[in-house]
Amino acid sequence: SRGAGTEIIRTVHYHYDSSNTTVQTLILGEQHHIYTVLSIVCFADYATTSSNDFLQVYLSALDGLDGASGRNIYLFNTGSITGQQTFVWNDKFSFNGHEATGFSGGFSTIAEQNAMADQGSSTPQNLYMIKGHSNDKWMVTCTYIDQNNE
């Protein structure tokens, strides 16, 4: 069930190989949802000792400092990893499915804090990943909780 007031665990898996060089979306933000990322497991998919340049994971989100919409907020960069090794991000964090309205930045009032929680904008906040080089190969699993607060 995915209706209002539900909380479910979701998982997405990617085989992010050399034929795919574009930014990939791990979580598409939906208005009035809160996402809590539990873990992101990144496996460097090389059978040899070749190294992957890196894998970056970031949010496209409202910047609480200056109110800029769609700002890239970087969470981690694996750094160069030799093939057949795993990088695990298991620091939990949450983000809202959509940006706030009536927020000009500086995050200094209760009203602005509530605007963030209200998610009144039509602009989604998304979680993305991008690899460092077209030859890189990664297998990625992202596990998260999706809270529907409609």
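Does Val140 count as buried or exposed, and at what relative accessibility? At 1% relative accessibility, Val140 counts as buried, where buried means under 20% relative accessible area, exposed means over 50%, and partly exposed covers what lies in between (1.4 Å probe, protein chains only). The structure is a predicted model, in which local features need pLDDT of at least 70 and side-chain atom pairs count only at pLDDT 80 or more, while totals for chains, interfaces and linings use all residues. Residues are numbered from 1 along each chain as its sequence is written, and side-chain values use heavy atoms, with hydrogens and water left out.

A look at the whole chain helps to place this residue. The protein chain has one helix and 11 strands; helices (H or I, at least four residues) and strands (E, at least two) are DSSP runs, numbered from the N terminus. Along the sequence, these elements follow the pattern β-β-β-β-β-β-β-β-β-α-β-β. The C-alpha trace spans about 55 × 35 × 25 Å along its principal axes. Of the 150 residues in the protein chain, 41% are buried. Contacts (heavy atoms within 4.5 Å) can link residues that lie far along the sequence: of those with a separation of 6 or more, 78% are between residues 24 or more positions apart.

Val140 itself is found in strand 11. Leaving aside residues up to four places away in sequence, Val140 touches Val12, His13, Tyr14, Leu26, Ile40, Val41, Cys42, Leu55 and Met129. Gly102 offers a contrasting view along the chain: its C-alpha atom and that of Val140 are separated by 36 Å, with the two residues 38 apart in sequence.

Next comes the sheet. Four strands form an open sheet in the order 2-10-5-6, with antiparallel pairing; two strands pair if DSSP finds at least two bridges between them. Strand 2 (24–27) and strand 6 (71–77) are the edge strands, each pairing on one side only. On average, neighbouring strands of this sheet are turned by 30° against each other, direction ignored; the axes behind this value are lines fitted to C-alpha atoms, for helices over the stretch in contact, and angles run from 0 to 180 degrees between N-to-C directions. Strand 2 runs antiparallel to strand 10 (residues 126–131), and three bridges join them. Ile27 has Leu127 as its bridge partner in strand 10.

Ile27 and Leu127 appear again in the largest nonpolar core, which has 24 residues; Leu26, Ile27, Val37, Ile40, Leu127 and Cys142 touch the most other members. A nonpolar core is a set of buried Ala, Val, Leu, Ile, Met, Phe, Trp, Tyr and Cys residues joined through side-chain atoms within 4.5 Å. Several strands supply at least two residues each, among them strand 1 (7–16), strand 5 (55–61) and strand 11 (138–148). Strand 3 gives the largest share, five residues. Cys142 touches Arg10, Thr11, Val12, Leu26, Ile27, Val37, Ser39, Ile40 and Leu127, not counting residues up to four places away in sequence.

Aromatic side chains add another layer to the picture. A search of the whole structure finds seven aromatic pairs. Rings of Phe, Tyr and Trp (its six-membered ring) pair if their centres lie within 6.5 Å, and planes under 30 degrees apart count as stacked, over 60 as edge-to-face and the rest as tilted. The rings of Tyr58 and Tyr74 have centres 5.0 Å apart and planes at 40°, so this pair is tilted. Because Tyr58 lies in strand 5 and Tyr74 in strand 6, the pair ties together parts that are 16 residues apart in sequence. Tyr58 is buried, with a relative accessible area of 8%, whereas Tyr74 is partly exposed at 47% relative accessibility. Phe76 and Trp89 make a stacked pair, 4.8 Å centre to centre with 20° between the planes. Phe76 and Trp89 are both buried. Tyr35, Phe93, Phe95 and Tyr144 form one aromatic cluster.

Finally, a residue outside the strands deserves a look. Ser121 lies in the loop between helix 1 (110–118) and strand 10. This serine is buried, with a relative accessible area of 8%. Not counting residues up to four places away in sequence, Ser121 touches Gln31, His98, Glu99, Ala100 and Thr101.
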